[in-house]
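Me: Please take a close look at one helix of this chain and set it in the context of the whole model.

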Amino acid sequence: MKGSAIGIIAAGCLVVGFGAGFVLRPVTAPVTASPVAASLGVAAGVPQPSEEEATAAVRRYRRFAPRWNVRR
């Protein structure tokens, strides 16, 4: 097979896969809340940290992070 034929087949598979995913998503996982709220854990009832708790967690991470991973 030529490279162009493989590319066309791959593109077709991607189109079919994404199309099936978008069509079947409402069937397999009905949306009860907005996608942003669901991704943040709000819909699941997970409590969110306060601003102070989040800031403290970032500071703790930066204190113990490797040197090459910390931006200055």
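Reply: What follows concerns helix α1 and its surroundings.

This is a predicted model, in which local features need pLDDT of at least 70 and side-chain atom pairs count only at pLDDT 80 or more, while totals for chains, interfaces and linings use all residues. Residues are numbered from 1 along each chain as its sequence is written, and side-chain values use heavy atoms, with hydrogens and water left out.

The chain has three helices and zero strands, where helices are DSSP runs of H or I with at least four residues and strands are runs of E with at least two, numbered from the N terminus. Confidence, given as pLDDT from 0 to 100 for each residue, is highest in α1, at a mean of 88, and lowest in helix α2 (residues 35–39), at 54.

Helix α1 covers residues 3–28, and because its 26 residues at 1.5 Å a residue should span 38 Å, the 36 Å between its end C-alpha atoms agrees with expectation; the expected span is 1.5 Å times one less than the number of residues. A kink of about 30° lies at Phe22, shortly before the proline Pro26, the bend being the angle between axes fitted to the seven residues ending there and the seven starting there.

The count of buried residues in α1 is zero, and buried residues make up 4% of the 72 residues in the chain, with buried meaning under 20% relative accessible area, exposed over 50%, and partly exposed in between (1.4 Å probe, protein chains only). Ile9, which is found in α1, counts as partly exposed because its relative accessibility is 45%.

Terms used. pLDDT = per-residue confidence, 0-100.
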